[in-house]
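Student: I have a model open and would like to work through it. Can we go step by step?

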Amino acid sequence: MPDELPSPEEIEAARTPAGGWKRDQLAAWGVPWPQPKGWKDELTKRWKDAKQDG
């Protein structure tokens, strides 16, 4: 995973007009293509854990 994880708001803001995410954006976040089920929840959990740790 990258050092800088996106917040849940950043994840939603990166949606395309069609409602998905671009492959290069997912790659920047460390998400493989095709994205696995639960990838947003996993990123959100890691972001929250990192925020709590300081």
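Student: Is Pro6 buried or exposed?
Tutor: Use the cut-offs: buried means under 20% relative accessible area, exposed over 50%, and partly exposed in between, with a 1.4 Å probe and protein chains only. Pro6 has a relative accessible area of 3%. Therefore Pro6 is buried.

Student: What kind of model is this, and how are residues numbered?
Tutor: Residues are numbered from 1 along each chain as its sequence is written, and side-chain values use heavy atoms, with hydrogens and water left out. Local features need pLDDT of at least 70, side-chain atom pairs count only at pLDDT 80 or more, totals for chains, interfaces and linings use all residues, and the model is predicted.

Student: Where in the chain does Pro6 sit?
Tutor: Helices are DSSP runs of H or I with at least four residues, strands are runs of E with at least two, and both are numbered from the N terminus. Helix α1 covers 8-13. Pro6 is placed in the segment before α1.

Student: Which residues does Pro6 touch, leaving out those up to four places away in sequence?
Tutor: Contact means heavy atoms within 4.5 Å. Pro6 and Trp47 are 41 residues apart in sequence, yet their C-alpha atoms are 6.9 Å apart. Trp47 is on the contact list of Pro6. The full list is Ile11, Trp29, Leu43 and Trp47.

Student: Is Pro8 buried or partly exposed?
Tutor: Pro8 lies in helix α1. Beyond four places in sequence, Pro8 is in contact with Thr44 and Trp47. Its relative accessibility is 22%, so Pro8 counts as partly exposed.

Student: How far apart in space are Pro8 and Asp41?
Tutor: In sequence, Pro8 and Asp41 are 33 residues apart. In space, go from C-alpha to C-alpha. The distance is 9.0 Å.

Student: Is Thr44 buried or exposed?
Tutor: Thr44 is in helix α3, residues 39-53. Setting aside neighbours within four places, Thr44 contacts Pro8 and Ile11. Its relative accessibility is 17%, so Thr44 counts as buried.

Student: What about Ala50, buried or partly exposed?
Tutor: Ala50 is also found in helix α3. Ala50 and Lys40 are 10 residues apart in sequence and 15 Å apart in space, C-alpha to C-alpha. With a relative accessible area of 41%, Ala50 is partly exposed.

Student: Which peptide bond is cis?
Tutor: Look at Pro34, in the loop between α2 (23-28) and α3. The bond leading into Pro34 has omega near -5 degrees. The cis bond runs from Trp33 to Pro34.

Student: Which residues form the largest nonpolar core?
Tutor: A nonpolar core is a set of buried Ala, Val, Leu, Ile, Met, Phe, Trp, Tyr and Cys residues joined through side-chain atoms within 4.5 Å. In soluble globular proteins, nonpolar side chains tend to be buried together. Leu26, one of the core residues, touches Trp21, Val31, Trp33, Gln35 and Trp39 beyond four places in sequence. The 8 core residues are Leu5, Ile11, Trp21, Leu26, Trp29, Val31, Trp39 and Leu43.

Student: What pattern does the protein follow along its sequence, and what is its radius of gyration?
Tutor: There are 3 helices and 0 strands, in the pattern α-α-α. The radius is taken over C-alpha atoms, and the globule rule is 2.2 Å times the number of residues to the power 0.38. The rule gives 10 Å for 54 residues, and the protein comes close, so it is as compact as a globular protein of that length. Its radius of gyration is 11 Å.

Student: What share of the 54 residues is buried?
Tutor: Apply the same cut-off as for Pro6, under 20% relative accessible area. Thr44, at 17%, counts as buried. For the whole protein, the buried share is 20%.
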